[in-house]
Each structure stands twice: as C-alpha cells, then as structure tokens.
Amino acid sequence: MVKDGPTLTRAIRYPAMNELDTALGVDGEPGHVWAAEHGDINLITALPRATAPGLQVKVGDDWVDAVPPDDGVIVNTGIMLERLTNGRIPIGWHRVVAAPGFEGERYSVVQFCHPRPWTILSPVPSCCTPDTPQRFAAISAADALDEVLYEINLVEGARRVQ
C-alpha cells in the first residue's frame, strides 16, 4: 500500500510572537495558535522532536502536551488509517500552540505517509463485525485526498465557502 507511495517530508517554521500581528490564545488563555485543531488526511504522520514545545494531542476532551521519547518519534494517525480500520484506530486530533509566555520561534520536521493514489481504502474485514458494522464506503486514496482538499477549500476553482 505504501511501497513507492507519496511520502512528504516537510520542514515547518512557526514564527516568534513578535513577528505576528496578534497573539491568539486557546481556551481563553494568552498565547498563540500556530496550527489549529486538525487531523491529517494520510495514514500516519511521524513527528520527531521539535526545537520547542507546542504539539498537543486531544485525549478525550483534554489537550495533552506531546513530547517524543529520546531517540524516538510521535506517530500520529490519519483519516485514511481510520477508514481502513473502520474507526478502530481513530484520527489523532492535534494542534500546535505556543505556551503562555513563550516568545520564540519553533521549527519541526514532519513526515506524512500516504498510500499509493490508486489504493482502495475500504475497512479491512477483521475490523467489521456485527457489533461494528462497516462505517466507510470504499474510495481510492486519490479521491479521499481530493475530497478533503475540497472540503478545506484548497481546490482552486471549486471553493465551497466564499
């Protein structure tokens, strides 16, 4: 499924607070939201240690700081993996926020692992039972990606929200 699949490695710079016009807080606290709450479209995302804290994952209704172990990475689950597992492995909702009082910048490198575009994403049979019937229809990885890009208004000429 992932052999020769499109794996994207992205270096991200989150600017220092003094480079921003406004500092947007979360949950009524001062600070800055570098990346709002979201789930990645892919299968998994590997997140090694960044230059500063900020990555948080949603656990229930709470946000928890996510720090990779020494010599390790955080592996976040994506929308495509949720489809394949019929929801048994849910989307890893996450965000990136500056801690209150943090003024510096943050750098991180992330790697997004996608299946080949022609891969059919359909729940594997072992994840579908009478108690957990199939929740997702089959769709190609390319169409699933296009659907999400459309929903978040990244498809030029096909904007849903003006």
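How do the residues of the lining of the largest pocket divide into nonpolar, polar and charged, and how many fall into each class? The lining comprises 26 nonpolar, eight polar and eight charged residues, where Ala, Val, Leu, Ile, Met, Phe, Trp, Tyr, Cys and Pro count as nonpolar, Asp, Glu, Lys and Arg as charged, and the others, Gly among them, as polar. The model examined here is predicted, so that local features need pLDDT of at least 70 and side-chain atom pairs count only at pLDDT 80 or more, whereas totals for chains, interfaces and linings use all residues. Residues are numbered from 1 along each chain as its sequence is written, and side-chain values use heavy atoms, with hydrogens and water left out.

The volume of the largest pocket is about 850 Å³. On a 1 Å grid over the protein atoms alone, a pocket is an open set of points where a 1.4 Å probe fits, with protein on both sides within 12 Å along at least five of seven lines, and lining residues have an atom within 4 Å of a point. Grid points are joined across faces, edges and corners, and the volume is the space filled by probe spheres set on the points. By this criterion 42 residues line the largest pocket, and those that lie nearest its centre are His38, Gly39, Asp40, His94 and Phe112. At least two lining residues are supplied by each of β1 (7-14), β2 (32-38), β3 (44-48), α1 (79-84), β7 (94-98), β8 (106-113) and α2 (141-151), these elements being DSSP runs numbered from the N terminus (helices H or I, at least four residues; strands E, at least two). Helix α2 provides the largest share of this lining, namely six residues.

The strands were then examined for pairing, two strands being taken as paired if DSSP finds at least two bridges between them. One open sheet consists of four strands in the order β1-β8-β3-β6, with antiparallel pairing. Because β1 and β6 (73-77) stand at the edges with a single partner strand each, one side of each is left without a neighbour in the sheet. Neighbouring strands of this sheet are turned by 25° against each other on average, direction ignored; the underlying axes are lines fitted to C-alpha atoms, for helices over the stretch in contact, and angles run from 0 to 180 degrees between N-to-C directions.

Within this sheet, β3 is joined to the antiparallel strand β8 by three bridges and to β6, likewise antiparallel, by five bridges. In the pairing with β8, Ile44 stands opposite Cys113 and Ala46 stands opposite Gln111, while in β6 the bridge partner of Ala46 is Val75. Gly72, which is placed in the loop between β5 and β6, lies 9.7 Å from Ala46, C-alpha to C-alpha, although the two are 26 residues apart in sequence. Gly72 counts as partly exposed at 24% relative accessibility, where buried means under 20% relative accessible area, exposed over 50%, and partly exposed in between (1.4 Å probe, protein chains only).

A further open sheet, also of four strands and with antiparallel pairing, follows the order β2-β7-β4-β5. Its edge strands are β2 and β5 (62-65), each of which pairs on one side only, and the twist averages 30° from one strand to the next. Four bridges join β2 to β7 in an antiparallel arrangement, with His38 opposite His94; both of these histidines are listed among the residues nearest the centre of the largest pocket.

The structure holds four salt bridges, each defined as a side-chain nitrogen of Lys or Arg within 4 Å of a carboxyl oxygen of Asp or Glu. One of them joins the side chains of Glu105 and Arg13 at 2.9 Å, N to O, and links distant parts of the chain, with Glu105 in the loop between β7 and β8 and Arg13 in strand β1, 92 residues apart. Glu105 is partly exposed at 30% relative accessibility, as is Arg13 at 37%. Another salt bridge connects Lys58 and Glu37 at 3.4 Å, N to O; Lys58 lies in strand β4 (residues 55-59) and Glu37 in strand β2, so this pair ties together parts that are 21 residues apart in sequence. Both members are partly exposed, Lys58 at 33% relative accessibility and Glu37 with a relative accessible area of 41%. Asp4 and Lys3 also meet in a salt bridge, at 3.7 Å, N to O, and both of these residues are exposed.
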